[in-house]
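Visitor: Could you walk me through this protein and explain how its labels are earned?
Guide: Gladly; take a look first.
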Amino acid sequence: MARLFFALWPDEAARGALAAMSKDLARRCAGRPVPGANLHLTLAFLGEVDASAIPALRHAARPGPTAAFELALDQLGAFARAGVAWAGCRRPPPELLALQAGIVRRLREAGFALDERAFAAHLTLARRIREPLAPEPLEAVRWRVDSFALVESVRGEGAYRTLAEWPLEGGKT
(Lines give C-alpha, C1' and ligand atoms only; values in the text may rest on other atoms or scores of the structure.)
Protein backbone atom coordinates (compact mmCIF):
# COMPACT_ATOMS: atom_id res chain seq x y z
CA MET A 1 0.00 0.00 0.00
CA ALA A 2 1.14 3.52 -0.76
CA ARG A 3 -0.07 6.78 0.82
CA LEU A 4 -0.80 9.01 -2.18
CA PHE A 5 -1.98 12.49 -3.04
CA PHE A 6 -1.95 14.98 -5.92
CA ALA A 7 -0.13 18.24 -5.26
CA LEU A 8 1.40 21.47 -6.47
CA TRP A 9 5.05 22.08 -5.61
CA PRO A 10 6.16 25.70 -5.11
CA ASP A 11 9.12 26.90 -7.15
CA GLU A 12 12.46 27.44 -5.38
CA ALA A 13 11.91 31.12 -4.57
CA ALA A 14 8.45 30.51 -3.11
CA ARG A 15 9.70 27.41 -1.27
CA GLY A 16 12.46 29.46 0.39
CA ALA A 17 10.04 32.17 1.50
CA LEU A 18 7.53 29.61 2.76
CA ALA A 19 10.19 27.59 4.61
CA ALA A 20 11.29 30.71 6.51
CA MET A 21 7.66 31.53 7.24
CA SER A 22 7.11 27.95 8.44
CA LYS A 23 9.84 28.26 11.06
CA ASP A 24 8.57 31.63 12.30
CA LEU A 25 4.96 30.45 12.40
CA ALA A 26 5.88 27.24 14.23
CA ARG A 27 7.62 29.29 16.95
CA ARG A 28 4.68 31.67 17.17
CA CYS A 29 2.11 28.85 17.43
CA ALA A 30 4.23 26.45 19.52
CA GLY A 31 4.20 23.85 16.74
CA ARG A 32 6.52 22.02 14.38
CA PRO A 33 7.60 23.57 11.08
CA VAL A 34 7.03 21.60 7.90
CA PRO A 35 10.43 20.94 6.28
CA GLY A 36 10.98 23.08 3.18
CA ALA A 37 11.29 20.02 0.93
CA ASN A 38 7.81 18.88 1.99
CA LEU A 39 5.94 22.13 1.37
CA HIS A 40 3.11 21.54 -1.11
CA LEU A 41 -0.51 22.38 -1.81
CA THR A 42 -2.68 19.26 -1.87
CA LEU A 43 -5.20 19.02 -4.71
CA ALA A 44 -6.64 15.59 -3.86
CA PHE A 45 -5.77 13.21 -1.04
CA LEU A 46 -6.19 9.50 -1.76
CA GLY A 47 -4.72 7.98 1.39
CA GLU A 48 -3.69 4.32 1.32
CA VAL A 49 -3.86 2.92 -2.21
CA ASP A 50 -2.64 -0.43 -3.48
CA ALA A 51 0.45 0.13 -5.62
CA SER A 52 -1.19 -1.84 -8.44
CA ALA A 53 -3.66 1.06 -8.85
CA ILE A 54 -0.96 3.62 -9.67
CA PRO A 55 -1.21 3.12 -13.47
CA ALA A 56 -4.98 3.74 -13.29
CA LEU A 57 -4.33 6.86 -11.20
CA ARG A 58 -1.85 8.14 -13.75
CA HIS A 59 -4.39 7.62 -16.51
CA ALA A 60 -7.30 9.18 -14.59
CA ALA A 61 -5.31 12.25 -13.57
CA ARG A 62 -4.31 13.37 -17.05
CA PRO A 63 -5.39 17.00 -17.19
CA GLY A 64 -7.93 18.46 -19.51
CA PRO A 65 -7.10 21.79 -21.13
CA THR A 66 -5.87 23.67 -18.06
CA ALA A 67 -3.56 26.65 -18.52
CA ALA A 68 -0.60 27.42 -16.29
CA PHE A 69 -1.44 30.15 -13.77
CA GLU A 70 -0.06 32.29 -10.97
CA LEU A 71 -0.86 31.26 -7.42
CA ALA A 72 -0.70 33.83 -4.63
CA LEU A 73 -0.81 32.67 -1.02
CA ASP A 74 -1.98 35.82 0.75
CA GLN A 75 -3.51 34.74 4.06
CA LEU A 76 -2.38 32.90 7.18
CA GLY A 77 -4.78 30.77 9.16
CA ALA A 78 -5.15 27.56 11.13
CA PHE A 79 -7.31 24.48 11.34
CA ALA A 80 -7.60 24.17 15.13
CA ARG A 81 -8.97 20.61 15.15
CA ALA A 82 -6.19 19.38 12.89
CA GLY A 83 -3.58 21.43 14.76
CA VAL A 84 -2.07 22.99 11.64
CA ALA A 85 -1.21 26.52 10.58
CA TRP A 86 -1.29 27.34 6.90
CA ALA A 87 -0.84 29.89 4.13
CA GLY A 88 -3.80 30.08 1.78
CA CYS A 89 -5.63 32.03 -0.87
CA ARG A 90 -8.27 34.56 0.04
CA ARG A 91 -9.52 34.27 -3.53
CA PRO A 92 -8.26 31.10 -5.20
CA PRO A 93 -7.64 31.60 -8.92
CA PRO A 94 -10.30 30.04 -11.16
CA GLU A 95 -7.60 27.94 -12.85
CA LEU A 96 -6.68 26.34 -9.52
CA LEU A 97 -10.30 25.53 -8.76
CA ALA A 98 -10.83 24.09 -12.25
CA LEU A 99 -7.65 21.99 -12.04
CA GLN A 100 -8.57 20.59 -8.63
CA ALA A 101 -12.20 19.90 -9.57
CA GLY A 102 -11.14 18.19 -12.80
CA ILE A 103 -8.70 15.88 -11.02
CA VAL A 104 -11.30 14.96 -8.40
CA ARG A 105 -13.98 14.35 -11.03
CA ARG A 106 -11.73 12.10 -13.16
CA LEU A 107 -10.56 10.14 -10.10
CA ARG A 108 -14.13 9.54 -8.94
CA GLU A 109 -15.17 8.50 -12.45
CA ALA A 110 -12.32 5.97 -12.36
CA GLY A 111 -13.69 4.56 -9.09
CA PHE A 112 -11.29 6.11 -6.56
CA ALA A 113 -12.74 7.14 -3.19
CA LEU A 114 -11.89 10.68 -2.09
CA ASP A 115 -12.62 12.86 0.88
CA GLU A 116 -15.99 14.62 0.58
CA ARG A 117 -14.87 17.85 2.29
CA ALA A 118 -14.87 21.03 0.24
CA PHE A 119 -11.51 22.04 -1.22
CA ALA A 120 -9.68 24.68 0.86
CA ALA A 121 -6.67 25.99 -1.07
CA HIS A 122 -3.89 26.02 1.52
CA LEU A 123 -0.30 24.98 2.12
CA THR A 124 0.47 23.61 5.61
CA LEU A 125 3.34 25.48 7.27
CA ALA A 126 3.28 24.11 10.84
CA ARG A 127 1.86 21.02 12.51
CA ARG A 128 0.89 20.19 16.08
CA ILE A 129 0.31 23.85 16.91
CA ARG A 130 -0.72 24.56 20.48
CA GLU A 131 -1.36 28.31 20.24
CA PRO A 132 -4.34 29.71 18.28
CA LEU A 133 -3.86 31.63 15.07
CA ALA A 134 -6.63 33.92 13.84
CA PRO A 135 -6.82 34.52 10.08
CA GLU A 136 -4.58 37.37 9.02
CA PRO A 137 -3.39 38.87 5.74
CA LEU A 138 0.00 37.85 4.42
CA GLU A 139 2.28 39.59 1.96
CA ALA A 140 1.61 37.30 -0.98
CA VAL A 141 4.01 34.50 -1.79
CA ARG A 142 3.59 33.83 -5.51
CA TRP A 143 4.66 31.24 -7.99
CA ARG A 144 3.72 30.18 -11.49
CA VAL A 145 1.94 26.84 -11.37
CA ASP A 146 2.93 25.01 -14.54
CA SER A 147 2.47 21.39 -13.46
CA PHE A 148 0.97 19.10 -10.83
CA ALA A 149 2.16 15.77 -9.46
CA LEU A 150 1.13 12.42 -8.03
CA VAL A 151 3.08 12.09 -4.79
CA GLU A 152 3.80 9.28 -2.35
CA SER A 153 4.38 9.89 1.34
CA VAL A 154 7.35 7.63 2.10
CA ARG A 155 6.71 5.67 5.29
CA GLY A 156 9.14 6.19 8.14
CA GLU A 157 11.14 8.85 6.28
CA GLY A 158 8.95 11.93 6.61
CA ALA A 159 9.65 12.56 2.93
CA TYR A 160 7.68 12.70 -0.29
CA ARG A 161 8.46 11.11 -3.65
CA THR A 162 6.99 12.35 -6.94
CA LEU A 163 5.63 9.38 -8.90
CA ALA A 164 4.32 11.26 -11.94
CA GLU A 165 4.04 14.85 -13.08
CA TRP A 166 1.80 16.52 -15.65
CA PRO A 167 2.52 19.87 -17.33
CA LEU A 168 -0.21 22.46 -17.74
CA GLU A 169 -0.74 24.31 -21.02
CA GLY A 170 1.95 26.94 -21.43
CA GLY A 171 3.94 25.39 -18.60
CA LYS A 172 6.78 22.88 -18.44
CA THR A 173 7.40 20.63 -21.39
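Guide: What follows is a set of questions about a predicted model.

Visitor: Why is Asp-146 called buried?
Guide: Its relative accessible area is 19%, and buried means under 20%, so Asp-146 meets the cut-off.

Visitor: Where does Asp-146 sit along the chain?
Guide: Asp-146 lies in the loop between β7 (136–145) and β8 (147–154). Asp-146 and Phe-69 are 77 residues apart in sequence, while their C-alpha atoms are 6.8 Å apart in space.

Visitor: How do you know how many disulfides there are?
Guide: A search of the whole structure finds 0. Take Cys-29: the closest cysteine sulfur, in Cys-89, is 19 Å away. A disulfide needs the two sulfur atoms within 2.5 Å, so this pair is too far for a bond. Seen from the other side, Cys-89 has the sulfur of Cys-29 as its nearest cysteine sulfur, and Cys-89 is in no disulfide.

Visitor: What makes Cys-29 and Cys-89 count as buried?
Guide: Cys-29 has a relative accessible area of 0%, and Cys-89 has 10%. The cut-off is under 20%, so both are buried.

Visitor: Which residues touch the most other members of the largest nonpolar core?
Guide: Among its 53 residues, they are Phe-6, Leu-8, Leu-18, Leu-46, Leu-71, Leu-107 and Phe-148. Helix α1 (residues 12–29) gives the largest share of this core, 7 residues.

Visitor: What does Leu-18 touch?
Guide: Leaving out residues up to four places away in sequence, Leu-18 has contacts including Pro-10, Leu-39, Ala-87, Val-141 and Trp-143.

Technical notes. Residues numbered from 1 in each chain as written. Predicted model: local features only at pLDDT ≥ 70, side-chain atom pairs only at ≥ 80, totals over all residues. Heavy atoms only, no water. Helix = DSSP H or I, 4+ residues; strand = E, 2+ residues; numbered from the N terminus. Buried < 20%, exposed > 50% of the residue type's maximum accessible area, 1.4 Å probe, protein only. Core = buried A, V, L, I, M, F, W, Y, C linked by side-chain atoms within 4.5 Å. Contact = heavy atoms within 4.5 Å.
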